[in-house]
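Me: I have a chain to go through with you. Let us take it one short question at a time.

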Amino acid sequence: MFKNTKGILICLIVISLGLSACGNKEKAINKNSLSSKRTSSVESVETDNLPMSDTVDTVIKVPDREGNSKDISIVQKKFIIYTIDSESEQVVPKTGTVMSDEALKPESVVDSVILELDGLIDGDRDVKLEKKDDSVTVDFSVSDKKYPFGKKHKAVETKILECISYSILDNFTDYKKIYFKLNGEAYISKQLKLPGNKPFMADE
């Protein structure tokens with residue numbers, strides 16, 4: 001009797017260990033899969049998981065004159081912008097939104113990026129865009145050309161320009177080249193000098 005009981009216990013332990021190993025293996029596979037997708041999306045700047053065709057429907061309650069509330073639906077289209085991750089300090093994609101009946105324009109994309117990066121950008125600035133057949137020139141009107149975004153590290157200044165460039169190129173296939181200017185002139189700051197005849201970023 002004791003031998004039979006002991007045998008049964010051993011079998012149960014073996015089966016339990018087998019199931020546990022299978023579960024851990026499945027978790028490891030899922031974890032590696034998610035990790036590889038995340039790394040791929042950041043390194044190669046993939047945006048397949050944030051399709052332009054997707055919409056977000058927000059319902060808000062608004063009181064009427066009688067004191068009753070009614071639901072109002074706000075439908076917005078998703079698009080891609082880029083920002084700087086606060087932990088890794090890398091340029092990463094993020095979802096932006098625009099009203100569903102509004103045509104997406106480079107100006108609205110750039111405004112969304114500037115708003116997203118508000119915590120990294122000091123002071124106020126006006127932004128003008130000059131659009132040609134295959135290029136967009138982003139012209140910042142600033143009070144201090146030496147530090148157009150405040151006294152930041154050169155890497156931060158460069159990544160701000162990268163966020164704007166990626167956001168335009170990913171949303172508009174007609175534009176292949178991105179240029180930058182300061183106060184209508186060549187982009188020359190204290191830390192960064194861009195050649196006026198060559199694009200900052202090109203999608204060839």
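Me: In this predicted model, is Phe149 buried or exposed?
Reply: The cut-off for buried is under 20% relative accessible area. Phe149 has a relative accessible area of 2%. That is under the cut-off, so Phe149 is buried.

Me: What kind of aromatic pair do Phe140 and Phe149 form?
Reply: Phe140 is buried too, with a relative accessible area of 0%. The ring centres of Phe140 and Phe149 lie 5.3 Å apart, and the planes meet at 85 degrees. Planes over 60 degrees apart count as edge-to-face, so the pair is edge-to-face.

Me: Which residues do ring pairs link into a cluster?
Reply: The count of aromatic pairs comes to five. Phe140 and Phe149 form one of them. Ring pairs link a cluster of Phe140, Phe149, Phe180 and Phe200.

Me: Why is the pair of Tyr82 and Tyr166 classed as it is?
Reply: The ring centres of Tyr82 and Tyr166 are 5.3 Å apart, within the 6.5 Å limit for a pair. Their planes stand at 45 degrees. That is neither under 30 nor over 60, so the pair is tilted.

Me: How many residues apart are Tyr82 and Tyr166?
Reply: Tyr82 sits in strand β2 and Tyr166 in helix α3. The pair links distant parts of the chain. The separation is 84 residues.

Me: Is Tyr166 buried, partly exposed or exposed?
Reply: Its partner Tyr82 has 1% relative accessibility and counts as buried. Tyr166 has 25%. Buried needs under 20% and exposed over 50%, so Tyr166 is partly exposed.

Me: What is the distance between the end C-alpha atoms of helix α3?
Reply: Helix α3 covers residues 154-171, which is 18 residues. At 1.5 Å a residue, the expected span is 26 Å. The model agrees with this: the end C-alpha atoms are 26 Å apart.

Me: Which elements do the buried residues of α3 pack against?
Reply: Buried residues in α3 include Ile160, Leu161, Ile164, Ile168 and Leu169. Polar and charged names are on the list as well, among them Glu157, Lys159 and Asn171. The buried residues of α3 pack against β2, β3, α2, β5, β6 and β8.

Me: What pattern does the chain follow along the sequence?
Reply: The chain has three helices and eight strands. Of its 204 residues, 27% are buried. Among contacts between residues at least 6 apart in sequence, 57% join residues at least 24 apart. Read along the sequence, the pattern is α-β-β-β-α-β-β-α-β-β-β.

Me: Which residues are closest to the centre of the largest pocket?
Reply: The largest pocket holds about 230 Å³ of space. Its lining has 18 residues. Closest to the centre are Thr137, Tyr179, Phe180, Lys181 and Gly196.

Me: Which element supplies the largest share of the lining of the largest pocket?
Reply: The lining divides into eight nonpolar, three polar and seven charged residues. β5, β6 and β7 each supply at least two residues. The largest share is four residues, and it comes from β6.

Me: Which residues does Thr137 touch, leaving out those up to four places away in sequence?
Reply: Thr137 lies in strand β5. At 11% relative accessibility, Thr137 counts as buried. Its contacts are Lys128, Leu129, Glu130, Tyr179 and Lys181.

Me: How far apart are the C-alpha atoms of Lys190 and Tyr147?
Reply: Lys190 is in the loop between β7 and β8, and at 54% relative accessibility it counts as exposed. Lys190 still touches Lys145, Lys146 and Tyr147. Lys190 and Tyr147 are 43 residues apart along the chain, yet their C-alpha atoms are separated by 6.4 Å.

Me: Where is Asn183 found?
Reply: Asn183 has a positive phi of about 55 degrees although it is not a glycine. Its relative accessible area is 35%, so Asn183 is partly exposed. Asn183 is in the loop between β6 and β7.

Me: What is the phi of Glu89?
Reply: Glu89 is found in the loop between β2 and β3. Glu89 is not a glycine, but its phi is positive. The value is about 60 degrees.

Terms used. Residues numbered from 1 in each chain as written. Predicted model: local features only at pLDDT ≥ 70, side-chain atom pairs only at ≥ 80, totals over all residues. Heavy atoms only, no water. 1 Å grid on protein atoms, 1.4 Å probe; cavity = no way out; pocket = protein on both sides within 12 Å on 5 of 7 lines; lining within 4 Å. Points joined across faces, edges and corners; volume = space filled by probe spheres on them. Buried < 20%, exposed > 50% of the residue type's maximum accessible area, 1.4 Å probe, protein only. Contact = heavy atoms within 4.5 Å. Expected span 1.5 Å × (residues − 1). Phe/Tyr/Trp six-rings, centres within 6.5 Å; stacked < 30°, edge-to-face > 60°.
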